[in-house]
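Visitor: I would like to go through this model slowly, one question at a time. Could you show it to me first?

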Amino acid sequence: MTQKLDNLQAALEAVLGGRIKQFKRDRGEIAITVAAADWAEVATQLRDDSRLRFEQLIDLCGMDMSAYKDEPNDRARYVVVSHLLSVSLNWRLRVKVFAPDDDLPVVPSVTPIWSSANWFEREAFDLYGIIFEGHADLRRILTDYGFIGHPMRKDFPVSGHVEMRYDAETRRVVYQPVTIEPREITPRVIREDNYGGLQ
């Protein structure tokens, strides 16, 4: 396993060079970080270069790093994480791309490179609001048509903004402001003298 990772690391450094902003090798896996401006070109090289041959994009997801591990965030808020597989060379790679602007997160689309990215990019757009520049059909895929906001962002309220219900009088679905009242859940604590033999 170590020799295989050594070979992958050498191939990545030879092909991508200075475009690798961060390189991490941990728990038998390699993860690299590349700039958003370089992502489309790097993705093409990862797929086409004979030393790498990452033919398949296995997964692509968005992340909101605003409160990661309860530590202050000193970098971009939104990141796109892709998992790649080389079937012919039998190795895997994780690639992270941070969107440079927190107010309008934009990352190049890799759908022309790996067609499997289509659904994943739409999901990340819907849930996190990350815009994939060059995507042919970037629209919501999981939330309702009139949904406002992006539910996986850490600043989105858990109860949401509106709720949907069927109205029997009008015989249609209606939207209304959320009627859930926030409540404090306090666990019941048993406090008895000599409980469990303790003083």
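Visitor: At what angle to S3 does H3 run?

Guide: This is a predicted model, in which local features need pLDDT of at least 70 and side-chain atom pairs count only at pLDDT 80 or more, while totals for chains, interfaces and linings use all residues. Residues are numbered from 1 along each chain as its sequence is written, and side-chain values use heavy atoms, with hydrogens and water left out. Helices (H or I, at least four residues) and strands (E, at least two) are DSSP runs numbered from the N terminus, and angles, from 0 to 180 degrees, are taken between the N-to-C directions of axes fitted to C-alpha atoms, for helices over the stretch in contact. H3 lies across S3 and S4, and its angle to S3 is about 5 degrees.

Visitor: In what pattern do the helices and strands follow one another along the sequence?

Guide: The protein contains three helices and nine strands. Read from one end of the sequence to the other, with α for a helix and β for a strand, they give α-β-β-α-β-β-β-β-α-β-β-β.

Visitor: Which strands are the edge strands of the open sheet?

Guide: Two strands pair if DSSP finds at least two bridges between them, and five strands form an open sheet with mixed pairing, in the order S1-S2-S5-S4-S3. An edge strand here pairs on one side only, which is the case for strand S1 (20–26) and S3.

Visitor: In which sense do S3 and S4 pair?

Guide: Eight bridges link S3 with S4, and one example of partners is Gly62 with Val80 of S4. The sense of this pairing is antiparallel.

Visitor: Which strands of the sheet does H1 touch?

Guide: H1 packs on the sheet, and its direction makes about 180 degrees with that of S1. Counting contact as heavy atoms within 4.5 Å, the strands that H1 touches are S1, S2 and S5.

Visitor: Which element gives the largest share of the largest nonpolar core?

Guide: A nonpolar core is a set of buried Ala, Val, Leu, Ile, Met, Phe, Trp, Tyr and Cys residues joined through side-chain atoms within 4.5 Å, where buried means under 20% relative accessible area, exposed over 50%, and partly exposed in between (1.4 Å probe, protein chains only). The largest such core has 38 residues, and Leu12, Ile32, Trp39, Leu46, Leu93, Val95 and Val110 are the members that touch the most others. Among the elements that give two or more residues to this core are helix H1 (2–16), helix H2 (39–48) and strand S5 (91–98). The largest share, six residues, comes from H1.

Visitor: Which residues does Leu12 contact, leaving aside its neighbours within four places in sequence?

Guide: Leu12 is among the residues of the largest core that touch the most other members. Once the neighbours within four places are set aside, its contacts are Gly17, Ile20, Phe23, Ile30, Ile32, Leu46, Leu52 and Leu93.

Visitor: Is Ser109 buried or exposed?

Guide: Ser109 is found in the loop between strand S6 (106–108) and H3, where its side chain is joined to that of Thr111 by a polar contact of 3.1 Å. A polar contact is a pair of N or O atoms within 3.5 Å; within protein, one must be able to donate a hydrogen and the other to accept it, and residues adjacent in sequence count only if both atoms are side-chain atoms. Leaving aside neighbours within four places, Ser109 also contacts Glu121, Phe132, Glu133, Gly134 and His135. Because its relative accessibility is 7%, Ser109 counts as buried.

Visitor: Why does Arg27 count as exposed?

Guide: Arg27 lies in the loop between S1 and S2, and its phi is near 55 degrees, a positive value in a residue other than glycine. Arg27 counts as exposed because its relative accessibility is 76%.

Visitor: Which residue takes a positive phi in the hairpin of S8 and S9?

Guide: Strand S8 (residues 162–167) and strand S9 (residues 172–177) run antiparallel and are joined by six bridges. Val162 has Pro177 of S9 as its bridge partner, and Glu163 stands opposite Gln176 in S9. Four residues lie between the strands of this hairpin, and the positive phi, near 55 degrees, belongs to Arg171.
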